[in-house]
Amino acid sequence: GIDIVYLNKEAGPSINAIIKATRTGIEFKPDIIHTHLSSFFYMIPYAIMDNVKIVHTVHSRPIYEAKGIRRSILKYFYKKKLSTPVAISDLIGKEISEVYKLNSESIEVIYNPVSIKKFSNQSIEKPNDNKTITFINVARFVDLKNHIELIKAFKEVNERNKNTRLLLLGDGPLRNKIESKIKELNLESSIELKGNVPNVEYYLAVSDVFVLPSTYEGLPLTILEAMAAGLPIIATSVGGVPDIVSNNGILTELGDNESLVSAMIELANNNELRYTMGEISIRKVQKYDISKVTLKYEELYKKYAKI
């Protein structure tokens, strides 16, 4: 029963998208506007025209989300109370305060949601034998996700424990580079590139450890999904990751490939530790369930809506 309108914006800056967004706003007459990423800037003309509040979700660290004139525009709207930033983690909220010089009362914090029911299906049997440990990574093939370092780390892990494999779910501009690195290290039989798949939950269910060595993150939805699937987590201690990974996994320092190798080997060789951390993941992820986060957004909309 919900009408969805797609503006089909082409890649890059677009005056046409501003016109479409403004026209859509005039026709729809929203009580509130909720934006993500660069969509904020396309909604500005209509928001000013009809005096509608924008709530803007900040998905990554503020220092990376907007720079130069874009950051100045966001700061102006936040300071004038024309828009309210929504942080996806406590750390992101703190950084919004620092970057835009806002007090905590001017910032909302609502965590990323995950459908726990969808990812907690434990009835799927692992197709591999009990001796094979499967690491899984779900991420776009871009520099910040650090796939090359993950592959290099896995090479060392695989040399010490031949009963390990790595699944890479996702795609992107670095696919050729990633494929070349796998071939260079002779890992074609141990690393599988699955591409963009519609059933991520299946691959999480048949895996043993989730690994995400990103150079920076906000609050990664993929980690929350892995936690809902009952997996222990290995991730770099960046952005909002420490908010969700502690005793349910192992945090490594950015650039410290040895610690990444060590963490992967430790979990590959310790069944009990994997199980314990996986159980903690399931308990920790409960507060991020989509049903609870939905209620928080409903409250947010009522708080700021033009009604």
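**Entry 1: the end of H10**

I started at Gly-230, which follows helix H10 and has a positive phi, near 80°. The model I am reading is predicted, and I keep that in mind for every entry below.

I then went back along the helix itself. H10 spans residues 221–228, and 7 of its 8 residues are buried, which I note as mostly covered. I listed the buried ones: Thr-222, Ile-223, Leu-224, Glu-225, Ala-226, Met-227 and Ala-228. Glu-225 is among these buried residues.

**Entry 2: the chain as a whole**

I looked up the secondary structure and found 14 helices and 10 strands in the chain. The radius of gyration is 21 Å, close to the 19 Å that the globule rule gives for 307 residues, so the chain is as compact as a globular protein of that length. I took the box along the principal axes next; the C-alpha atoms fill roughly 65 × 40 × 40 Å.

Of the 307 residues, 50% are buried. I read the accessible surface as about 15,700 Å², with 52% of it belonging to carbon and sulfur atoms. For contacts with a separation of 6 or more, I found that 65% are between residues 24 or more positions apart. I also checked the charges: there are 40 positive and 36 negative ones, and their mean positions lie 5 Å apart.

**Entry 3: the parallel sheet**

I traced an open sheet of 4 strands in the order S1-S2-S3-S4, with parallel pairing. S1 and S4 (108–109) stand at the edges with a single partner strand each, so one side of each has no neighbour in the sheet.

I went through the pairings at the two ends of the sheet. S1 (residues 33–36) runs parallel to S2 and is joined to it by 4 bridges. I picked out His-34 of the pair; its bridge partner in S2 is Val-55. At the other end, 2 bridges join S3 (residues 83–87) to S4, again in parallel. There I noted Ala-87, whose bridge partner in S4 is Val-109.

**Entry 4: faces of S1 and S2**

Which side chains of S1 are buried, and which are not? I found that they alternate: Ile-33 and Thr-35 point to one face and are buried, while His-34 and His-36 point to the other face and are not.

I repeated the check on S2. All of Ile-54, His-56 and Val-58 on one side, and Val-55 and Thr-57 on the other, are buried, so that both faces are covered. Since 5 of the 5 residues of S2 (residues 54–58) are buried, I take the strand to be largely enclosed by the rest of the structure. Val-55, the partner I noted for His-34, is thus one of the buried residues of S2.

**Entry 5: Leu-150**

I closed with a single residue, Leu-150, which sits in helix H7 (residues 147–160). Is Leu-150 buried or exposed? I read its relative accessibility as 0%, and it counts as buried.

I then asked which residues Leu-150 is in contact with, leaving aside neighbours within four places in sequence. I listed Asn-137, Leu-166, Leu-168, Val-211, Pro-213, Leu-260 and Met-264. I also looked up the distance to Phe-119: the two residues are 31 apart in sequence, and their C-alpha atoms are 24 Å apart in space.

Note on methods. Residues numbered from 1 in each chain as written. Predicted model: local features only at pLDDT ≥ 70, side-chain atom pairs only at ≥ 80, totals over all residues. Heavy atoms only, no water. Rg over C-alpha atoms; globule rule 2.2 N^0.38 Å. Buried < 20%, exposed > 50% of the residue type's maximum accessible area, 1.4 Å probe, protein only. Contact = heavy atoms within 4.5 Å. Areas by Shrake-Rupley, 256 points an atom, 1.4 Å probe, with all protein chains shown as cover. Lys, Arg positive; Asp, Glu negative; His and termini not counted. Charge placed at Lys NZ, Arg CZ, Asp CG, Glu CD. Pairing = 2+ DSSP bridges.
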